[in-house]
Every structure is written in structure tokens, then in C-alpha cells.
Amino acid sequence: MTLQGKTVLITGGTGGIGQQTAIGIAKLGAQVVVTGRDKARGEAGVAAIQRASGNPHVTLLLGDLSLQAGVRQVATAFTANHARLDVLINNAGLLETQRRLTSDGIEADFAVNVIAPFLLTHLLRDVLAASRPARVITVSGGMPQPIDLANLQAERRFVGLPHYSHTKSAMHAMSISFAE
């Protein structure tokens, strides 16, 4: 299989599962764009992906995906520099140990695990549609849980891993909705 001529955007691709995914895709010849919120860590991640894959066509987009402005920044920078997007991989995830609100007023896990992939996919819909047959892949984890609308952003109760799993269940629902 080859991905020559394809462009792939991977959120959270500077470390962990995202970085391993980026290496595998870069080895197949794709142009890979990864997101990160820290410039030094992001540049080190890109260098590691390039080194491990032998593919120099790996670049970094900076943006804090816990903030809607950061998601918009990534989408704007991507579309300014790329005419096509063959695969969007929503991989970035967050698991906090305490409830924390972002400056947008959204619980941090929910912001990164649900709002960011929803907003980024929405903002990139036109470039994805123009690149048909494009794909959106959502990487997940946690334990499937019912979505508790009365405690969507851990307003009543926050327990780290169960809340993380809750946000991932909401992300699954979002992915199904987009697919339909």
C-alpha cells in the first residue's frame, strides 16, 4: 500500500499513539501534518517521525486544542497551506486528574476529547469534501459509558478515568452523527 500524493492531518501526533500513527503513515509516503501545543516538543516529535519513517514530508501545526481559538488556528493554518486533506485523524486526547475549566469555560477533557474533534472536522469539511474520497478517523480509548447529559462536563461529579471514558462515549456519538 502507498499513500504517495495523499495528505494526512493527525491531531496530537507529536507523541504516544499519535506519533506512532504518524510514523506508520509517513512510511507509506504520505505528506503528514501533526498538531501540537508546544513548539519545542512538536519540533522534536516531527524530527523523530521523519527519522523513524525516512519521510521528510512531515510538518507541525501549533495549536492548543483545548481552546476553540486554538482549533480554529489549526484549521486556518492547515487550509492556508494545503489544498487537499485525504485523511483527518482526530487523535488528541486529554485525561485530567481534577476538573479544570478552559478559558472558554468548558471542562478540559470535554474540550479536547469532544469539542476539538467536532469543531476541527466541521471547519475542515470543505477541504475534505473537495478531496473525496477523504476519510475522518477518530482514535478513542476508555471504557464505553452511557452519556450522562445531566453531568456532561462533570458539573456534578468528576472522577478522572470515568469522566474521560464519558467524554470518549460522547466523541463516539459525535463520530456516528458525522458519518450519517
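Is Thr167 buried or exposed? In this predicted model, Thr167 is buried, its relative accessible area being 0%. The residue is found in helix 6, which spans residues 160–179, and its side chain reaches the backbone oxygen of Tyr164 at a distance of 2.7 Å. When neighbours within four places in sequence are left aside, the residues in contact with Thr167 are Asp109, Phe110, Asn113 and Val114.

A second threonine, Thr11, is located in the loop that lies between strand 1 (7–10) and helix 1 (16–27). Thr11 is likewise assigned as buried, with a relative accessible area of 3%, and a polar atom of its side chain lies 2.8 Å from the backbone nitrogen of Asn91. Beyond its neighbours within four places in sequence, Thr11 is in contact with Thr35, Leu65, Ile89, Asn90, Asn91, Ala92 and Leu120. Asn91 thus appears both as the residue whose backbone nitrogen is approached by the Thr11 side chain and as one of the residues in contact with Thr11.

The packing of helix 3 (residues 68–81) with helix 4 (residues 108–123) was examined next. The axes of these two helices come within 9 Å and cross at roughly 35 degrees, and the crossing of helix 3 past helix 4 is right-handed. On the side of helix 3, the contact is made by Gln68, Val71, Arg72, Val74 and Ala75, while helix 4 contributes Ile115, Ala116, Leu119, Leu120 and Leu123. Sorted by class, the residues of this contact comprise 8 nonpolar, 1 polar and 1 charged. Leu120, one of the helix 4 residues in the contact with helix 3, is also among the residues in contact with Thr11.

Attention then turned to charged side chains. Side chains of opposite charge can pair when their charged atoms come close, and the structure holds 3 salt bridges. In one of them, Lys39 pairs with Glu43, the closest N and O atoms being 3.9 Å apart, a value that falls within the 4 Å cut-off applied to salt bridges. Lys39 and Glu43 are separated by about one helical turn, because they stand 4 residues apart in helix 2 (residues 39–53). Glu43 is partly exposed, with a relative accessible area of 43%.

Another salt bridge joins Arg84 to Asp86, with the closest N and O atoms 2.5 Å apart. For this pair, Arg84 counts as partly exposed at 31% relative accessibility, whereas Asp86 counts as buried at 5%. The remaining salt bridge is formed by Arg100 with Glu96, and here the closest N and O atoms are 2.7 Å apart. Arg100 is partly exposed, its relative accessibility being 37%, whereas Glu96 is buried, with a relative accessible area of 18%; the latter assignment follows because buried is taken to mean under 20% relative accessible area.

Asp86 also features in a comparison of sequence separation with distance in space. Ala129, which lies in helix 5 (residues 125–130), is 43 residues from Asp86 in sequence, and the two residues are 9.2 Å apart in space, C-alpha to C-alpha. At 37% relative accessibility, Ala129 counts as partly exposed, while Asp86, the partner of Arg84 in a salt bridge, is buried.

Definitions and conventions. Residues are numbered from 1 along each chain as its sequence is written. This is a predicted model: local features need pLDDT of at least 70, side-chain atom pairs count only at pLDDT 80 or more; totals for chains, interfaces and linings use all residues. Side-chain values use heavy atoms; hydrogens and water are left out. Axes are lines fitted to C-alpha atoms, for helices over the stretch in contact, and angles run from 0 to 180 degrees between N-to-C directions. A crossing is left-handed if the near helix is turned anticlockwise from the far one by less than a right angle, and right-handed if clockwise. Contact means heavy atoms within 4.5 Å. Ala, Val, Leu, Ile, Met, Phe, Trp, Tyr, Cys and Pro count as nonpolar, Asp, Glu, Lys and Arg as charged, and the others, Gly among them, as polar. A salt bridge is a side-chain nitrogen of Lys or Arg within 4 Å of a carboxyl oxygen of Asp or Glu. Buried means under 20% relative accessible area, exposed over 50%, partly exposed in between (1.4 Å probe, protein chains only). A polar contact is a pair of N or O atoms within 3.5 Å; within protein, one must be able to donate a hydrogen and the other to accept it, and residues adjacent in sequence count only if both atoms are side-chain atoms.
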